[in-house]
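Me: Could you take a close look at a single part of this model, the place where two helices cross, and then set that part in the context of the rest of the chain?

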Amino acid sequence: MSINSKRSVKCPQCGQMSEVTVWNSITVNDSPDLKEDLLSGGINMFRCASCGYAALMPEPMLYHDSGRKLMISFSPTNEAAVRQQLFDNIRKSSRESGELQKLTGYNLRFVTDLNELLEKILIFDNELNDKVIELIKLMILSQDIDKSEQRVCRFGKYENGAIEFMIHDHIENRIYTSSVPEETYDRLFNSLMESGVKPYSFDWEAVDGTYATRLLNGFNNHF
Ligand SMILES: [Zn+2]
C-alpha cells in the first residue's frame with residue numbers, strides 16, 4: 001500500500017512555510033501514477049512557491065514492485081557512516097520481524113541516493129540484473145582509470161541489442177555515452193551465476209561500485 005503524510009516545511013532560503021506531501025511507501029501495483037511521478041522527479045521534492053527553491057526531502061521511502069519481486073529501500077544520506085548504520089538497521093529489523101521469510105525470490109536493494117534509486121528501477125524494468133550492470137559500469141570507468149574518480153556512470157537505456165550507459169564527468173562537466181552489446185551482458189550474467197551469485201536476494205543488499213569491486217576481486221556473496 002502506498003502511504004503518505006503531510007509536512008509543514010519552512011523554506012531554508014526565504015522562510016516561507018509550505019505544506020509538502022511526503023511518500024514513505026510506494027507500491028507500484030496500486031499506484032502506477034506515483035511511479036511515473038517518482039521517475040520524473042516529482043516525489044518527495046520540496047518546491048517553494050514563493051522563491052522557487054527546490055530540494056529533496058530527507059525522507060526514507062520504500063519502493064515495492066511485487067510483479068518484479070523488487071523492493072528498494074531508499075534512505076537519503078551523503079554520509080558513509082550514517083549509510084552503514086542505516087543499512088545495518090534495515091538488515092537487523094527485517095530479520096527480527098520475520099519480514100525476510102515473506103520475501104523469498106525477491107531482489108532487496110538498499111540505496112541512499114535518489115539517482116541510484118531511479119537507476120535501479122530502470123534496470124529492473126528492463127529485466128536486467130543490477131549486479132551485472134554494476135560490473136559493466138566498473139569496467140567502463142576503468143577504461144580511463146585516471147578519471148574514474150571524477151566520473152559517475154549510470155545505466156541509460158536498453159534497446160536494439162545494446163545497453164547504453166551515461167558517464168557524467170564532474171570536472172570536465174560533460175556527459176559521455178558508452179554502449180555495450182547485450183552479448184557482453186549475457187556472458188557476464190552467466191559467469192556470475194556460475195560463480196555462485198544468485199539473481200535474487202537472501203537479505204538486503206547494497207549493489208553499488210563497492211559491491212562490484214568486491215565481485216571482481218573474487219569475493220562472492222557467499223550464498
Ligand atoms: Zn522559498
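Reply: A crossing of two helices is called right-handed if the near helix is turned clockwise from the far one by less than a right angle, and left-handed if the turn is anticlockwise. With that in hand, and bearing in mind that this is a predicted model, the crossing of α4 and α5 is right-handed. Helix α4 covers residues 130–142 and helix α5 covers residues 182–194, and the two pack at an angle of about 115° with their axes 10 Å apart.

The contact draws on Lys131, Val132, Leu135 and Ile136 from α4, and on Tyr185, Leu188, Phe189 and Leu192 from α5. Sorted by class, these contact residues comprise 7 nonpolar, no polar and 1 charged. The spacing of the positions fits a general rule: an α-helix has 3.6 residues a turn, so residues three or four places apart point the same way.

The length of α5 can also be checked, because at 1.5 Å a residue its 13 residues should span 18 Å, and its end C-alpha atoms are indeed 18 Å apart. Just after α5, Gly196 takes a positive phi of about 110°.

Between these two helices in the sequence lies a hairpin. Strand β8 (residues 151–159) pairs with strand β9 (residues 162–169) in the antiparallel sense over 8 bridges, and one of these pairings sets Arg151 opposite Asp169 of β9. The hairpin leaves 2 residues between its strands, and Asn160 in the turn has a positive phi of about 50°.

For the wider setting, the domain assignment gives domain 1 as 1–26 + 41–57 and domain 2 as 60–216. The centres of the two domains, taken over C-alpha atoms, are separated by 27 Å, and their contact takes 6 residues from domain 1 and 7 residues from domain 2. On the side of domain 1 that touches domain 2, the largest share, 4 residues, comes from strand β2 (residues 17–27), and that side has 3 nonpolar, 3 polar and no charged residues.

Strand β2 also belongs to an open sheet of 5 strands in the order β1-β2-β5-β6-β7, with mixed pairing. Because β1 (3–10) and β7 (107–111) stand at the edges with a single partner strand each, one side of each is left without a neighbour in the sheet. The twist from one strand to the next averages 25°. Within this sheet, β2 and strand β5 (residues 61–65) run parallel and are joined by 3 bridges, with Leu62 of β5 as the bridge partner of Ser25.

Technical notes: Residues numbered from 1 in each chain as written. Predicted model: local features only at pLDDT ≥ 70, side-chain atom pairs only at ≥ 80, totals over all residues. Axes fitted to C-alpha atoms, helices over the stretch in contact; angles between N-to-C directions. Contact = placed C-beta atoms within 7 Å. Nonpolar A, V, L, I, M, F, W, Y, C, P; charged D, E, K, R; others polar. Pairing = 2+ DSSP bridges. Domains from an automatic or database assignment. Expected span 1.5 Å × (residues − 1).
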